[in-house]
Amino acid sequence: MDFLTVADVLAMPAVRSAGPRVAAGATWLHNPVRWVHSGELADIGPLLREGDLLLSTGIAMPDTDEGLRQVAASLSESGAAGLVVELGRRWTVLPRALVQACDNHRLPLIALVREARFATLAQAVGERIVEEQLAELRETQRVHDTFTDLGIAEAGPGEILDAVQRLAGAAVILESEQHHVLDYRSGADDLAPALADWARTARSMPLDGRTGWDGERGWLITRVGRHDRGWGRLAIQSRTTPSRRQVAIVERAAAALALHRLHDRHRDNVVRRTHHELLLALLANPASEEVLRRCGLAGLPVRRRQFVGLTLRPIVAAASADQPRRPQLDEITAAVVHAAHEARVPALVSDVDGDVRALLSLPLAAEPDHVVDDLATRVRHRQDVVIGVGLTTVRAGDIDRTLQESQQVVGSVGPGGEALGGVYRLDDVHLRGLLAMLADDHRVQAFVRRELAALKEHDMRRNTGLLDAVRALLRHPTSKSDAAASLHISRPVFYDRLGRAARLLDADLDDADTRVSLQVAMIADEIANGNVA
């Protein structure tokens, strides 16, 4: 709660009616008042608690200057919030020694120039304190209920940060262990200056305990996760000393984030989510200044850099081709993140549309092919994958192009390459690369149907294997014996199937143009169906 201060007490109607005048300690009127007492003992100081405000007529106070100085010192040592003296019964003007002593001890000294009922003052201040304590309890319950509901709903980081901003009314930043900004919400002030230099600012705000406040920079920070296994920190902008409510908000939010991570069972889930969102945003609008700024905050430099897009696809055995690839994608993502960290290559990594995508950010002086090959070697030591590489670009606005090219390369790798894995670039895929780029063109799709529909329909009705026979012929153009052997059938059976296919297509399968047309149609069909094995 925001404690009642001496200044707040002086502004209350019951106190204002007594004509309060600040005689000393004017710069310390922000002292919190936790309760108010009246008393006339000269040595009352040791009986008070920190934050107590003392009301007195001064009747029992010492006659000597030294005695008055001891009173001020005793009240200061007890942590009293201040001393209020009613004039008229003992003094008409406060003694100079008492005023100077209170100033020296940073103790607010207030004179009441009119008669006041101390019981009325004490009651008014006490009721105000109780009201604020009740308000604090209600707000604490609201914070508790909010984050309990979010936990039950298994809310994600975005929803949790929205709740923090709403409850605290201030900017909030979620950072990684390396002080990269994973997500943030703006407050009333412009957050851009803080974000621009966040990593350096965050490193200058060490956190020894669970939660701390950096008054110089104005941030309340708490650790997310256990002390020995924390994976990030949550910060709320707080220009003034944070209230207990603000501390409760940031700590409950950190607990909710840790719980969400535990539910998802992915140690770097928040980072993955951030990378996923950024990759999708770059594919949609790579020229967006906001997206590029978020990339920089997430640890991917975007100024004066080279960019290379990668797509990694697991090599799936025929027996498991229909099984879900989720575990494989998670393992490949982890392998790429680990390899990029080892190689000190800034990268965004996430699975997108059934493949693992990565965007590398390299210095202008780096050799992209060397970096990619080194990274691929590290990844392939851990996972069996085929890797597509897009063309390198130095323009952030072309990031979407290199990412798309890498996917097109993976989608167009031939049967042998898919089975063996490796690194492939546009120069390696030739016609397949072109057809991968045109896979969604309705004219290409119409061409495929026109060339292959008769064979597909016949095989579907009679299970004759004519399409496989033609495909084997095209893959072994110089040897029909090898073609028949690849299907594990005899040469007479193979020749019979070729003859039936030729009659069905009304075409000469030895004609070069016919073979080229069928070859292009089959490659395009394989790419469209995601079947390159």
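**Exercise 1.** Take His488 in this predicted model and state where His488 lies, whether His488 is buried or exposed, and what is unusual about its phi.

*Solution.* Step 1: His488 sits in the loop that runs between H19 and H20. Step 2: its relative accessibility is 73%, so His488 counts as exposed; the cut-off for that class is over 50%. Step 3: the phi of His488 is near 60°, a positive value in a residue other than glycine. Most residues other than glycine have a negative phi.

**Exercise 2.** Find the loop that holds Arg106 and classify Arg106 as buried or exposed.

*Solution.* Step 1: the loop joins helix H4 (96–104) and strand E5 (109–112). Step 2: Arg106 has 53% relative accessibility and therefore counts as exposed. Step 3: Arg106 is not a glycine, yet its phi is positive, about 55°.

**Exercise 3.** Describe the largest nonpolar core and the contacts of Leu452.

*Solution.* Step 1: this core has 28 residues, and Leu452, Val470, Phe494 and Leu509 have the most contacts inside it. Step 2: at least two residues of this core come from each of several helices, including H17 (442–462) and H21 (512–528). Step 3: leaving aside neighbours within four places in sequence, Leu452 is in contact with Leu467, Leu518, Ala521, Met522 and Asp525. Step 4: apart from this core lies another, of 26 residues, among them Leu161 and Leu220.

**Exercise 4.** Decide whether Thr514 is buried or exposed, and list what Thr514 touches.

*Solution.* Step 1: Thr514 is found in helix H21. Step 2: Thr514 counts as buried because its relative accessibility is 18%, and buried means under 20%. Step 3: not counting residues up to four places away in sequence, Thr514 touches Ala507, Asp508 and Leu509.

Technical notes
Residues are numbered from 1 along each chain as its sequence is written. This is a predicted model: local features need pLDDT of at least 70, side-chain atom pairs count only at pLDDT 80 or more; totals for chains, interfaces and linings use all residues. Side-chain values use heavy atoms; hydrogens and water are left out. A nonpolar core is a set of buried Ala, Val, Leu, Ile, Met, Phe, Trp, Tyr and Cys residues joined through side-chain atoms within 4.5 Å. Buried means under 20% relative accessible area, exposed over 50%, partly exposed in between (1.4 Å probe, protein chains only). Helices (H or I, at least four residues) and strands (E, at least two) are DSSP runs, numbered from the N terminus. Contact means heavy atoms within 4.5 Å.
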